[in-house]
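Subject: Structure handover and notes on helix packing

Dear colleague,

I am passing on the structure we spoke about, and my notes follow directly below it. Please read them with the model open beside you.

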Amino acid sequence: MQITIIGLGLIGGSLSKGLKKSGFASQVIGVEQNPDHAAEALQLGLADSIMPLPEAIRQSKIIIVATPVNTLPRLLPNILDHIQNDQVLIEVGSTKLPAVEAVQQHPQRRRFVATHPMAGTEYSGPSAAVEDLFEGKRCVFCNTENSDADAVELIGKMYLSMNMKLSRLDAADHDLHVAYISHISHIASFALALTVLEKEREEDRIFELAGGGFGSTARLAKSNADTWIPIFAQNRDNVLDVLDEFINTVSRFRTLLIKKDFNQFEQLIKQANDIQRILG
């Protein structure tokens, strides 16, 4: 099957690799505004060809938009203006409600499927693409009642070809939950990195003494601002809600340290340990 991928960075490039490996995609057409990224994507085999958007749309059964989420409200209706009833448009952003609302009244709305394949790394650009990035991960479909059944089925088969697990959520519920399990993790990592950079001015000491715990916690601080600022802007209210709760919890730990109440401190740690019951 011929597929167009708009945006050949980490997610778009990894989708290309994964879908080619699974055999679901026979050919990938790339659409990429950044000339350097376009050349790199061709060199890395992430795209078999690079085409202008209108031509790429015409030649593909599935059109995947993997650009920053702030581009979606403008881009999605424009693409729907040009697709036919046998084509399917999807996007893979980390926020869903703005994308869904942007196409809600479009005549071709039912040929659109909102999806979030929940996988990623802290790296960006075509060179960051990983062939098995989506292996065993979960993909959330949102507001599928507004999409044609055949479109949802086709996209489900696409993700299943990469051995993903599928879930369905309302777009607003999705954005609330990802604020808690994804977006706050990035803010916490950015904050930790800034704190260490402010307090520990000797870079050699950071490198020498930072163990695995710090590395895994601060890893997300290497994430691209161009990707995450639009996400935080679109999901601002939910992120503020979880950030307030996070600050309150950190303040509880601070208060217990001031009071030297290590018995209660221990109880909070044990409560936090319960996360392993869910995550394994």
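Contact, in what follows, means heavy atoms within 4.5 Å. Please also keep in mind throughout that this is a predicted model.

With that cut-off, and leaving aside residues up to four places away in sequence, E91 touches V65, L72, L76, K96, A99, F112, V113, A114 and T115. E91 belongs to strand β5, which covers residues 88–91. Since buried means under 20% relative accessible area, E91, at 0% relative accessibility, counts as buried. Two polar partners of its side chain can be named: the backbone nitrogen of G93, which the side chain of E91 reaches at 2.8 Å, and the side chain of K96, with which it makes a polar contact at 3.2 Å.

I then turned to the helices. Two packed helices are described by the angle between their axes and the distance between the axes, and I give both values for each pair.

Helix α7 (residues 171–199) appears in two of the pairs described here, and I begin with its packing against helix α10 (residues 225–234), where the angle is about 125 degrees and the axes lie 11 Å apart. That angle makes α7 oblique to α10, and α7 passes α10 in a left-handed crossing. The residues that meet are S182, H183, H186, I187 and F190 from α7, and W228, I231 and F232 from α10; sorted by class, this contact has 5 nonpolar, 3 polar and no charged residues.

The second pair joins α7 to α11, at an angle of about 60 degrees and with the axes 9 Å apart. Here too α7 is oblique to its partner, α11, although the crossing in which α7 passes α11 is right-handed. On the α7 side the contact involves D175, L176, A179, Y180, H183, I184, I187 and A188, which meet N238, V239, D241, V242, L243 and F246 in α11; these residues divide into 10 nonpolar, 2 polar and 2 charged. You will find H183 and I187 both in this list and in the contact of α7 with α10.

What, then, covers the buried residues of α10? Those residues are W228, P230, I231 and F232, and their cover includes α7 and α11. At the start of α10, a side-chain oxygen of N224 reaches to within 2.8 Å of the backbone nitrogen of D226.

The remaining pair is α11 (residues 236–259) with helix α12 (residues 262–273), packed at an angle of about 155 degrees with their axes 8 Å apart. Because angles over 145 degrees count as roughly antiparallel, α11 and α12 are described in that way, and their crossing is left-handed. R252, F253, L256 and L257 in α11 meet F262, Q264, F265 and L268 in α12, a set made up of 6 nonpolar residues, 1 polar and 1 charged.

Finally, a note on helix α2 (residues 35–44), at whose start a side-chain oxygen of N34 reaches to within 2.9 Å of the backbone nitrogen of D36. After α2 comes G45, which has a positive phi, near 80 degrees.

With best regards

Key
Residues are numbered from 1 along each chain as its sequence is written. This is a predicted model: local features need pLDDT of at least 70, side-chain atom pairs count only at pLDDT 80 or more; totals for chains, interfaces and linings use all residues. Side-chain values use heavy atoms; hydrogens and water are left out. A polar contact is a pair of N or O atoms within 3.5 Å; within protein, one must be able to donate a hydrogen and the other to accept it, and residues adjacent in sequence count only if both atoms are side-chain atoms. Helices (H or I, at least four residues) and strands (E, at least two) are DSSP runs, numbered from the N terminus. Axes are lines fitted to C-alpha atoms, for helices over the stretch in contact, and angles run from 0 to 180 degrees between N-to-C directions. Angles under 35 degrees count as roughly parallel, over 145 as roughly antiparallel, 65 to 115 as roughly perpendicular and the rest as oblique. A crossing is left-handed if the near helix is turned anticlockwise from the far one by less than a right angle, and right-handed if clockwise. Ala, Val, Leu, Ile, Met, Phe, Trp, Tyr, Cys and Pro count as nonpolar, Asp, Glu, Lys and Arg as charged, and the others, Gly among them, as polar. Buried means under 20% relative accessible area, exposed over 50%, partly exposed in between (1.4 Å probe, protein chains only).
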